[in-house]
Amino acid sequence: LGGCISTHYLINDDANTPFSGAVTYGTPMNPVMTTKPFKERLWGLYDWGLGLSLNLKVRKVLPQLQKHCSKEKGEIFRKGLYDESFRLTAFDENMIAPMFGYKNAMDYYKHGTVSGLLHKITRCPTMFLEGNDDPLMIPESFPRDEIAKNPNLLLALTNNGGHCCHLTHSERKVFGLAALDWISWFFPSSSWFAGPIIDFFDTIERQHLVREQGQNKSAL
């Protein structure tokens, strides 16, 4: 929930933020709403796949983790990794929640939710880049009306894009033969999400330059 953490910073420290602009990408704005569909979509494929990958990575560092926590907490982590389900939602329940002091995974998701709080972002122009077909979310979880009412926010919602993908087709010539290189069209090789993000920051920068030039003229 990295995007949620960044957004919560903008929400909670709005008056003191040093940032002139921000973008979050693939942010689950309402994880409470999306958890059930996420667990059920494609028979839980994403839940199992992401959870298994994360579980195996954390197992490698479990001994180091246990050195920096109580014996009881270390045993909770061990059981969470070896005795519980490999699902990502189970990882949140048995690892993330106890690690950071939440009652359970749902309590963690509730504290991570940013929907309903976005009106508090009043100083930092912020863009949320999302894919309407993101398998980790559902279309109803995007707070369209709330964002539309805040002039500091922009929801860039594409029909396709998945979760942090937004792939474009490859222009590489795989074989070097015109009769065969059309095959490369089926192998997307790059993401285009960086383009609109840079455009957003570039627009903010130009606005600051115009504002500064106007202030300089007034001073003269």
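## Long-range contacts, cores and a nonpolar patch

Residues 24 or more positions apart account for 72% of the contacts in the protein chain with a separation of 6 or more, where contact means heavy atoms within 4.5 Å. The model is a predicted one, in which local features need pLDDT of at least 70, side-chain atom pairs count only at pLDDT 80 or more, and totals for chains, interfaces and linings use all residues. Residues are numbered from 1 along each chain as its sequence is written, and side-chain values use heavy atoms, with hydrogens and water left out.

Let us begin with the overall layout. The protein chain has eight helices and five strands, in the order α-β-α-α-α-α-α-β-α-β-β-β-α from the N terminus. Helices (H or I, at least four residues) and strands (E, at least two) are DSSP runs, numbered from the N terminus. Of the 220 residues in the protein chain, 37% are buried; buried means under 20% relative accessible area, exposed over 50%, and partly exposed in between (1.4 Å probe, protein chains only). The chain exposes about 13,500 Å², with 59% of it supplied by carbon and sulfur atoms. These areas come from the Shrake-Rupley method with a 1.4 Å probe, and for residues only the protein chains shown count as cover.

Helix 1 is a good place to look next. In this helix (residues 2-12), the buried residues are G3, C4, T7, H8, L10 and I11. Seen down the axis, the buried residues of helix 1 fall within an arc of 160°, so they line one face of the helix; the arc is that of the directions from the helix axis to the C-beta atoms. The face turned away from this buried side carries the exposed residues I5 and N12. Cover for the buried residues of helix 1 includes strand 1 (22-25), helix 6 (105-112) and strand 2 (126-131).

Now to the interior. The largest nonpolar core has 18 residues, and L118, F128 and I147 have the most contacts inside it. A nonpolar core is a set of buried Ala, Val, Leu, Ile, Met, Phe, Trp, Tyr and Cys residues joined through side-chain atoms within 4.5 Å. Helix 1 and strand 3 (153-158) each supply at least two residues of this core, and helix 1 gives the most, with three residues. Leaving aside residues up to four places away in sequence, L118 touches T7, I11, F128, P143, E146, I147, N150 and L153. Another core, of 10 residues, lies apart from this one and has L62, F91, M95 and A105 among its members.

Three residues can be set side by side.

| Residue | Helix | Relative accessible area |
|---|---|---|
| T89 | helix 5 (residues 88-99) | 11%, buried |
| L52 | helix 3 (residues 45-67) | 36%, partly exposed |
| Y82 | helix 4 (residues 71-82) | 41%, partly exposed |

Not counting residues up to four places away in sequence, T89 touches T35, F38, K39, D47, A105 and Y109, while Y82 touches R59 and L62. Y82 and L56 are 26 residues apart in sequence and 9.7 Å apart in space, C-alpha to C-alpha.

L52 also belongs to a nonpolar surface patch of about 330 Å², made by W48, L52, L56 and F86. Patches are made of residues with over 30% relative accessible area and no salt bridge; like charges are joined within 9 Å, and nonpolar side chains (Val, Leu, Ile, Met, Phe, Trp, Tyr) within 5 Å. A salt bridge is a side-chain nitrogen of Lys or Arg within 4 Å of a carboxyl oxygen of Asp or Glu.
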